[in-house]
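Here is a friendly walk through one protein model, for someone meeting it now. Have a look at the chain first, and then we can go through it piece by piece.

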Amino acid sequence: MKLIRSLWGLALFVSPVLFGTAQAVGIEGKVSNAPALARAFGSDNVRILLTSLAQGRIVGLGTLAGSGFEIQIPDSFKPPVQPADFCPGVRSVPSEPRTYTAESLMVYHAGRNTAALITQADHPTEPTRRSQWMYSDRAATISGRCTGLNTSYNLTLRKGWNAVMTVSEPGNFVIRNATPGLPYWVQNPPIAGARQVFPAVFDGK
């Protein structure tokens with residue numbers, strides 16, 4: 001895998017970082033509450049996974065080094081994109097993309113068979129901004145408010161992986177591009193028996 005860091009990526013280690021070509025992607029970050037992670041998982045052989053729990057797959061993985069991590073998504077992974085199918089009232093220009101969302105970041109220790117979810121948000125337990133990683137098969141600008149709902153879009157997608165953020169406002173949810181520097185948090189309590197709790201994800205690994 002060939003990885004090329006952008007200047008933006010070099011400057012913001014703690015933020016979501018996207019770099020590379022459309023075929024090779026790496027995401028790096030730093031866990032803000034690293035002591036909680038170390039107490040539950042130790043400091044050796046701790047993996048950070050980008051997962052799709054809904055589809056039972058590991059999209060990319062990396063190894064924790066101190067409080068930092070870098071996840072590599074293999075060249076061979078072809079995201080199973082589906083029509084975005086935005087709600088009425090939302091417009092996509094120049095056309096509606098086909099997308100795929102890797103919903104969950106997870107920390108995992110195979111020897112302890114323990115896992116925990118990691119969120120990328122402005123607060124560890126009461127976030128108003130949360131991010132996910134979404135793949136789009138094309139560049140598109142999405143805007144508008146869902147008819148009859150309190151959800152609106154102000155989102156620009158590039159072809160490839162995008163950090164997408166949901167912002168909770170009084171009486172409204174806005175889906176937009178992620179704010180640089182949004183921290184990562186490991187969630188407690190850790191999940192014991194991870195391979196049994198998420199059998200489709202780990203598949204005996």
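Let's start with Asn 45, which sits in the loop between α2 (34–41) and β3 (47–52). This residue is not a glycine, yet its phi is positive, at about 55°. Asn 45 is also exposed, with a relative accessible area of 62%. Keep in mind that what you are looking at is a predicted model.

**The chain as a whole**

Stepping back, the protein chain has four helices and 17 strands. It runs to 205 residues, and 46% of them are buried. About 10,100 Å² of the chain is exposed, with carbon and sulfur atoms supplying 53% of that area. How much of the contact list links residues 24 or more positions apart? Among contacts with a separation of 6 or more, such pairs make up 59%.

**The eight-stranded sheet**

Now for an open sheet of eight strands with mixed pairing. Reading across, the order is β6-β8-β11-β14-β15-β13-β12-β7. The edges belong to β6 and β7, which have a single partner strand each, so one side of each has no neighbour in the sheet.

You can trace the sheet inwards from β6. Strand β6 (residues 82–83) pairs with β8 (residues 98–102), antiparallel, through two bridges. Next, β8 and β11 (residues 129–136) run antiparallel and are joined by four bridges. After that, β11 meets β14 (residues 160–169), again in the antiparallel sense, over eight bridges. If you want to find these pairings on screen, here is one pair of bridge partners for each.

| Strands | Residue | Bridge partner |
|---|---|---|
| β6 and β8 | Pro 83 | Arg 98 |
| β8 and β11 | Thr 101 | Met 134 |
| β11 and β14 | Gln 132 | Val 164 |

A general point helps when you look at any of these strands: in a regular strand, side chains alternate between the two faces of the sheet.

Thr 99 makes a good stop on the way, as it belongs to strand β8. Is Thr 99 buried or exposed? Its relative accessibility is 14%, so Thr 99 counts as buried. Leaving out residues up to four places away in sequence, Thr 99 touches Pro 80, Val 81, Gln 82, Ala 84, Met 134, Tyr 135, Ser 136 and Leu 157.

**The loop after β6, and a disulfide**

Between β6 and β7 there is a loop that holds Asp 85. Like Asn 45, which has a positive phi of about 55°, Asp 85 is a residue other than glycine with a positive phi, here near 55°. Asp 85 is exposed, at 61% relative accessible area. Its C-alpha atom is 8.5 Å from that of Arg 98, and the two residues are 13 residues apart along the chain.

The structure holds one disulfide. Which cysteines form it? They are Cys 87 and Cys 146, with sulfur atoms 1.8 Å apart. The link is left-handed, with -50° about the S-S bond. Cys 87 lies in the loop between β6 and β7 (90–93), while Cys 146 lies in the loop between β12 (140–145) and β13 (151–157), so the pair ties together parts that are 59 residues apart in sequence. Both ends are buried: Cys 87 has a relative accessible area of 17%, and Cys 146 has a relative accessibility of 4%.

**Two cis peptide bonds**

As background, most residues other than glycine have a negative phi, and most peptide bonds are trans. With that in mind, look at the bond joining Val 93 and Pro 94, which is cis with omega at about 5°. Pro 94 is in the loop between β7 and β8. Another cis peptide bond runs from Asn 188 to Pro 189, with omega near 0°. You'll find Pro 189 in the loop between β16 (184–186) and β17 (191–192).

**The largest pocket**

Last stop: the largest pocket, which has about 380 Å³ of space. It is lined by 22 residues, and the closest to its centre are Glu 103, Arg 130, Ser 131, Gln 132 and Trp 133. Which strands each supply at least two residues of the lining? They are β8, β9 (104–109), β10 (114–120), β11, β13 and β14. The largest share, five residues, comes from β11.

Definitions and conventions: Residues numbered from 1 in each chain as written. Predicted model: local features only at pLDDT ≥ 70, side-chain atom pairs only at ≥ 80, totals over all residues. Heavy atoms only, no water. Buried < 20%, exposed > 50% of the residue type's maximum accessible area, 1.4 Å probe, protein only. Contact = heavy atoms within 4.5 Å. Areas by Shrake-Rupley, 256 points an atom, 1.4 Å probe, with all protein chains shown as cover. Pairing = 2+ DSSP bridges. Disulfide = S-S within 2.5 Å. 1 Å grid on protein atoms, 1.4 Å probe; cavity = no way out; pocket = protein on both sides within 12 Å on 5 of 7 lines; lining within 4 Å. Points joined across faces, edges and corners; volume = space filled by probe spheres on them.
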